[in-house]
Structures are given as structure tokens and as C-alpha cells.
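Thanks for making time, everyone. I'd like to walk you through a structure that's new to most of you, so pull it up and follow along.

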Amino acid sequence: MKRQEIDHIPFDLTVEILTRLPAKSLMKFKCVSKLWSSIIHNQSFIDSFYSISSTRPRFIVAFSNGSFPSDKEKRLFIFSSSHEGHESSSSVISNLDTTIPSLTVSNNLASRCVSVNGFIACSLYTRFTICNPSTRQVIVLPILPSGRAPDMRSTCIGYDPVDDQFKALALISSRIPNKDSTVEHLVLTLKGDKKNYSWRQIQGNNNIPPYSPVTMRVCINGVVYYGAWTPRQSMNAVIVCFDVRSEKITFIKTPKDVVRWCNDSILMEYKGKLASIVRNRYSRFDTFDLWVLEDIEKQEWSKQTCEIPLSVWDSVENFNMSFPGINKFGEIILAPTCLSGYHLRSFYIFYYHVETKKIRRVRLEGIADDENFRRCYGIGSGQCNVFISPEHVETIRFL
């Protein structure tokens, strides 16, 4: 057999091999040849790569280097691990994926980093940043129209799986003395030339009753959900539903305890259903309630109280914990909201199994537990706030 026949790899096999490679490698291999570059940029290849990546989601950890660094020193670090390990795992190794300069995320009501179909969205009051850790693309959306201030938890990203379309949603609450608050809904479609990105009012929602949004948002199967009170604070509790494709707004009635103020009520997907994790910030963190929307048509909810032994918190500095979601084993994830700012200390996350009522601890190795890394980037000069997305799927798509 001739040497050239041995060396030749069929085109189809080349494509198949490339879809199995890490996203970072593909970004480098675009420089190998024009053929490889055209393959990697092909939409069919991008879709195939995402389909395969969805079977092996990554664990994303994002954190900033202190609360008050100068603008030039600000950094947002995005770490990831290829898997969470087996249910018996006690540690997971994480690696630095990308660093976004001049961006910091504080642990307040307006800040959040969340993964949506391969993109990390960071909400910061009037600015909203979207990045792809795999391609290192960073998009800063335009500020809202002049003179308008968004709700503190206002902006989020949603994904429509039917039209394969990303959209950003922003809320503007207007409060008139002695009257109920009204909410204006603005949408930005993430498509085409970024220079032409602009916010627009959504149409056909003139009959929406007044309401006050009070929770962060979550996007599930093409619908963005968030908790609210209507017509004003501490009144009737509802879940607001924004259909990303049709841009229609609807309400789901809920028991009042399902929707609490800010981080006391966290919406997530639990076994394919919308759920709310509720805790009382003024009591010891030994219980939380899991509310699950069992029937969306009948608007029926179930409730289960989950108990946590206080001894599990011996490895964390305080009880400021978040609920980033669930893992592939159906365990609810609990994680500290900040790193130890002033000295080296292991970073642990916790997994709670609702059925067995067991909780386990896993150490995330590589999350700024290196003294040289901390010194180089100024970690330790203030509180380093942490945000976790447990089911991040790599994509090589560009917006």
C-alpha cells in the first residue's frame, strides 16, 4: 500500500474526530488549514459538536478578584471541570477556562452569572455581559434607553430552542406614588451585527396587571421564569412566564411561600419541572423548603422540607449559601457565595439528595487555592464572590 493512501484520512472521519475534541483545541486547530477552519465554522459541525457536548456537561465556577479593585485590576475568572465525579467523589479538579478583564461581580441583588446553552450571562445593573468561555467571545450589551433604570434583578438571557435564538430580557419598574407599580418589558435579539443591537419594547402585552419582580430568573425549555408579587410587594405571589419565541407574558398562581424576597427564593429546574428553593435567612441554616410545580395547567405545587445537620457547615466560614441547581444524580447543590478572601482555604460545595436526605461534601481543587495565583491577581484584597452553573454545555458558536 502506498504511503499517501496510509496517511489520507477520509473527510467524514476527520469531521467525526474533530467533533470529539475539546472546544479550546478546535479554536487552535482553525489555524491548521483552510479546510479545517471551514469545517469548524460550518453550522452543521457547530450543531453536532453541541449535541455531543450536551452529553458531557461541565461544572462552571465564576468569581471576581475582590469587591473594590481598580478598573484596571478587575478580573472575572471562569473555571470549569469536565465532570462532577461519581456520587462517592470527595474532590473535583477545576481549571481556569478564561479571564475577562475590567469586570467584577458583586454579591448583591443585581449580580449573577448563569449558563444558558453554552454562554455565560453576567448581569450588572445597567450593563449586561455575555461571554463564551470556549471561544472567549465577550459581548457587552448596550445600556438601556436614556433615563430608564432597570429593576435590580432585571436583565437575563433566554434561549428559544425552536428558532435557535437567544434574546435578552430587561425589566423597568415604574412606581407612581399611591399607585401600583408597572413593569415595562424590553427585549434585545442577539443576532446579526452587534453594532446594531438595540432594546425594543415587546408588543401585545398591554393587559398585563401591575406586579413587582422579586426573584432572579431561570430559563427552562424556551421560557424565562421569575417570581413576583401582584399588584404590589407582599401581596399575591405569582410566577411570571416570558415565552422567548412569542414574547408573550403569562402568570402562574403560587402559594405565597413559594416566592420570597431575592435570594430567599431561588427558582431552578428540578427533574424537568419548575421548582423553588426557599429558606429563612433569619434562622439557622438547618432546613430549606423545596416547592415543585407538579401540574402547570392546574397550577398545583408540592412542598417538601429538607433538613441539614449543622455539623456539615464546619468547613465554611459563614452560612451565606446559594442553590445553583441540581446535578445528574438528582442532588440539589449548595455552595458558599464567596471565597475565603484573606487566607488560603479549601472551597467546598455540598450535594443534598432529597429522597435519601443525605448530604455530601466535595472539594473543588484549583479554585484560587494557589498562593501565587492569589497574589498575582489581587485575590485577598476583599470579598471574592462566587457563582456556579452546574450544567454548562460547551459550544463553539459565536453570537
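Let's start with a spot I like: the charged end of R217 sits over the ring of Y226, 4.3 Å from the ring's centre. Keep in mind throughout that this is a predicted model. There's another contact of this kind, where R360 lies over the face of Y351, at 4.3 Å from the ring centre.

Now, where are we in the chain with that R217 contact? Strand β13 covers residues 212–220, and strand β14 covers residues 223–230. These two strands run antiparallel to each other and pair over six bridges. If you want one position to click on, C219 stands opposite V224 in β14. How many of β13's nine residues are buried? Eight of them, so to speak the strand is mostly covered.The hairpin of β13 and β14 has two residues between the strands, and N221 takes a positive phi there, near 50°. As background, most residues other than glycine have a negative phi.

Let me zoom out for a moment. The protein chain has six helices and 26 strands. Of its 399 residues, 51% count as buried. Take the contacts between residues at least 6 apart in sequence: 53% of them join residues at least 24 apart.

On to the salt bridges. How many salt bridges does the count come to? The count comes to 11. I'll show you three.

The first one on my list is K167 with E247, whose side chains meet at 2.8 Å, N to O. K167 lies in strand β10, residues 165–174, while E247 is in the loop between β15 and β16, so this pair ties together parts that are 80 residues apart in sequence. Are these two residues buried or exposed? Both K167 and E247 are buried. For E247 we can put a number on that: its relative accessibility is 9%, and the cut-off for buried is under 20%, so E247 counts as buried. The pair also has company, as K167, R200 and E247 are linked in a network of salt bridges. And while you have E247 on screen, look at its backbone: phi is near 65°, a positive value in a residue other than glycine.

Next up is E355 with K271, a salt bridge at 2.9 Å, N to O. What does this pair tie together? E355 lies in the loop between β24 and β25, and K271 in the loop between β17 and β18, so the bridge joins parts that are 84 residues apart in sequence. E355 has 48% relative accessibility and counts as partly exposed. K271 has a backbone feature too, with a positive phi of about 55° although it is not a glycine.

The last of my three is R20 with E16, where the closest N and O atoms are 2.5 Å apart. R20 is partly exposed, with a relative accessible area of 46%. E16 is also partly exposed, at 39% relative accessibility.

That brings us to the helix around there. Helix α2 takes in residues 11–19, and T14, L18 and T19 are buried in it. Why do we say they line one face? Seen down the axis of α2, the buried residues fall within an arc of 130°, so they line one face of the helix. What do those buried residues pack against? They pack against α3 (23–29), α4 (34–41) and α5 (43–53).

One more stop: the aromatics. A search of the whole structure finds nine aromatic pairs. Among them is F63 with F79, a stacked pair, with 5.5 Å from centre to centre and 20° between the planes. F63 sits in strand β1, residues 58–64, and F79 in strand β2, residues 75–81, so the pair ties together parts that are 16 residues apart in sequence. Both F63 and F79 are buried. Bring in F77 as well, and you have a cluster, with ring pairs linking F63, F77 and F79.

If you take two places away from today, try these. One is E247, buried, in a salt bridge with K167 and with a positive phi near 65°. The other is where we came in, with R217 over the ring of Y226. Thanks, and I'm happy to go back to any of these views.

Technical notes
Residues numbered from 1 in each chain as written. Predicted model: local features only at pLDDT ≥ 70, side-chain atom pairs only at ≥ 80, totals over all residues. Heavy atoms only, no water. Buried < 20%, exposed > 50% of the residue type's maximum accessible area, 1.4 Å probe, protein only. Helix = DSSP H or I, 4+ residues; strand = E, 2+ residues; numbered from the N terminus. Pairing = 2+ DSSP bridges. Salt bridge = Lys/Arg side-chain N within 4 Å of Asp/Glu carboxyl O. Phe/Tyr/Trp six-rings, centres within 6.5 Å; stacked < 30°, edge-to-face > 60°. Lys NZ or Arg CZ within 6 Å of the ring centre and 35° of its normal. Arc of directions from axis to C-beta. Contact = heavy atoms within 4.5 Å.
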